[in-house]
Amino acid sequence: MDTQKSPDLISGPMTFALCVYSATFMRYALAVQPKNYLLFLCHFVNEGAQLTQGYRYMEWTRWGGREKAGLTGAVEAGKEKVQEAEVKAKELVGKN
């Protein structure tokens with residue numbers, strides 16, 4: 001599922017274009033005679049998906065998501081180093 005992949009892979013301009021496209025065709029699906037509810041529903045679902053991706057893109061690029069992810073990675077790496085040092089310290093204490 002695309003919402004589980006890294007937001008770094010999202011193209012902002014393409015997401016915007018697809019939002020406009022879906023919104024436009026939602027309008028025209030109801031403007032034609034007879035009304036095409038299936039086409040409307042397909043574009044409605046796509047609009048929701050694109051808005052979700054757009055939010056993820058904005059969070060990643062504009063609202064500090066990339067920095068938060070980097071900071072989380074650094075914290076996790078620090079925790080691993082502390083655990084390694086703890087194991088080594090216990091080994092040294094156990095030898096005496």
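**Figure 1. Phe16, an exposed aromatic residue of helix α1****.** Phe16 counts as exposed because its relative accessible area is 59%, where exposed means over 50%, buried under 20% and partly exposed in between (1.4 Å probe, protein chains only). The residue sits in helix α1; helices (H or I, at least four residues) and strands (E, at least two) are DSSP runs, numbered from the N terminus. Across the fold, the C-alpha atom of Phe16 is 9.5 Å from that of Gln53, although their positions lie 37 residues apart along the chain as a separation. Please keep in mind that this is a predicted model, in which local features need pLDDT of at least 70 and side-chain atom pairs count only at pLDDT 80 or more, while totals for chains, interfaces and linings use all residues. Residues are numbered from 1 along each chain as its sequence is written, and side-chain values use heavy atoms, with hydrogens and water left out.

**Figure 2. The whole chain, with three helices****.** Following the sequence, you will meet the pattern α-α-α, and there are zero strands. Of the 96 residues in the chain, 18% are buried. Contact here means heavy atoms within 4.5 Å; among contacts with a separation of 6 or more, 61% join residues 24 or more positions apart. The chain exposes about 7,600 Å², of which carbon and sulfur atoms supply 65%. Accessible areas come from the Shrake-Rupley method with a 1.4 Å probe, and for residues only the protein chains shown count as cover.

**Figure 3. Confidence along the chain, given as pLDDT****.** This score is the predictor's confidence in each residue, from 0 to 100. The chain averages 86, and 90% of the residues score at least 70. Which element has the highest mean pLDDT, and which the lowest? Helix α1 (residues 12–31) comes out highest at 95, whereas helix α3 (residues 65–95) is lowest at 77.

**Figure 4. A nonpolar surface patch with residues from α1****.** Tyr21, Phe25, Tyr28 and Leu39 make up this patch of about 380 Å². Helix α1 gives the largest share, three residues. Patches are made of residues with over 30% relative accessible area and no salt bridge; like charges are joined within 9 Å, and nonpolar side chains (Val, Leu, Ile, Met, Phe, Trp, Tyr) within 5 Å. Tyr21 belongs to helix α1 and is partly exposed because its relative accessibility is 41%.

**Figure 5. The two aromatic pairs of the structure****.** Tyr21 and Phe25 form a tilted pair, with 4.9 Å from centre to centre and 45° between the planes. Both residues lie in helix α1, four residues apart, about one turn of the helix. Phe25 is partly exposed because its relative accessibility is 33%. Phe40 and Phe44 form a stacked pair, 6.2 Å centre to centre with 20° between the planes. Why are Phe40 and Phe44 separated by about one helical turn? They are four residues apart in helix α2. Phe40 counts as partly exposed, at 24% relative accessibility. For both views, rings of Phe, Tyr and Trp (its six-membered ring) pair if their centres lie within 6.5 Å; planes under 30 degrees apart count as stacked, over 60 as edge-to-face and the rest as tilted.

**Figure 6. The loop between α1 and α2, with a cis peptide bond****.** Most peptide bonds are trans. The bond from Gln33 to Pro34, however, is cis, with omega near -5°. Pro34 is found in the loop that leads from α1 to α2 (37–61). Lys35 also lies in the loop between α1 and α2, and is partly exposed at 40% relative accessibility. Setting aside neighbours within four places in sequence, Lys35 is in contact with Ala29 and Leu30.

**Figure 7. A salt bridge in helix α3****.** How many salt bridges does the structure hold? There is one, formed by Glu86 and Lys90, with the closest N and O atoms 3.8 Å apart. A salt bridge is a side-chain nitrogen of Lys or Arg within 4 Å of a carboxyl oxygen of Asp or Glu. Both partners, Glu86 and Lys90, lie in helix α3, four residues apart, about one turn of the helix. Glu86 is partly exposed, with a relative accessibility of 43%, whereas Lys90 is exposed because its relative accessible area is 58%.
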